[in-house]
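Visitor: I am new to this structure and would love a close look at one part of it. Could you show it to me first?

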Amino acid sequence: MGSPLLVTYSYQFQNGDSWSHSVDVNRARNASATVPASAPEWARLGFHRCENCPLSEDRCSHCPPAVDSAPILERFASIPSIAPVRVTVTTSERTCIRETDAQLGLKALLGVVMATSACPILVQLRSQALFHLPFASVDETLYRAVGDYLIKQYFAMKDGKQPDFDLAGLDRLYRDLATLNIAFFNRIQASSPNDANVNAIVTFRSMSDIVSMSLDDRLSPLREAMQELGA
């Protein structure tokens, strides 16, 4: 495991409450690691399990991203999705501040937490988490996802492997993510008395659907923009 590489989200709510959470992008990942006693029942692997989950309940009793997300979701469980919040995101390189609502503030943090979990599907997003961009738009997400994937294909080519420059693997990944997000939504819906948690997961689902279901269409505007810039 490398040295800690922290991404810290700090929240300041209008009622004076504040809370922060740090994620070590380089943290150890082991799907079969000992689960904290505080892990909720909805974090068990078999509870609304993803249809495409490759883990075995014999070796892994709980869903890794659910265990990692549980303390965060518990903190936001009673907060309405539209509650105003000031979010400060701090990394070793920069500090980003945004006035937003609880739903988007939670979604941004969950993105980096889930991408750095021990889930065999989400692990494919780990390299994007290394260069985390909070509050990314749909176009920014697409640009980063495609760029990240193509870099990996370049390295595969340099290693003598068959690269996938047609992005077929990226399309499969985001279809898998869409399936995962549906199941995760069901987990949160069964556990949250309020709507910030649920709405954040709904946003995750819509983002993965956009990238996977309209990948070719989404790339066309990016190509036109680059052509206009002479890139």
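Visitor: What volume does the largest cavity have?

Guide: Happy to help! This is a predicted model, where local features need pLDDT of at least 70, side-chain atom pairs count only at pLDDT 80 or more, and totals for chains, interfaces and linings use all residues. Residues are numbered from 1 along each chain as its sequence is written, and side-chain values use heavy atoms, with hydrogens and water left out.

The largest cavity has a volume of about 120 Å³, and a search of the whole structure finds one cavity of 30 Å³ or more. A cavity here is a set of points, on a 1 Å grid over the protein atoms alone, where a 1.4 Å probe fits but cannot get out; the volume is the space filled by probe spheres set on the points, which are joined across faces, edges and corners.

Around this cavity are 15 lining residues (those with an atom within 4 Å of a point). Cys50, Cys53, Cys63, Pro65 and Cys119 lie nearest its centre. Two or more lining residues come from each of H1 and helix H5 (168-189), helices being DSSP runs of H or I with at least four residues, numbered from the N terminus. H5 gives the largest share, three residues. By type, the lining has 13 nonpolar residues, no polar ones and two charged ones; Ala, Val, Leu, Ile, Met, Phe, Trp, Tyr, Cys and Pro count as nonpolar, Asp, Glu, Lys and Arg as charged, and the others, Gly among them, as polar.

Methods: 1 Å grid on protein atoms, 1.4 Å probe; cavity = no way out; pocket = protein on both sides within 12 Å on 5 of 7 lines; lining within 4 Å.
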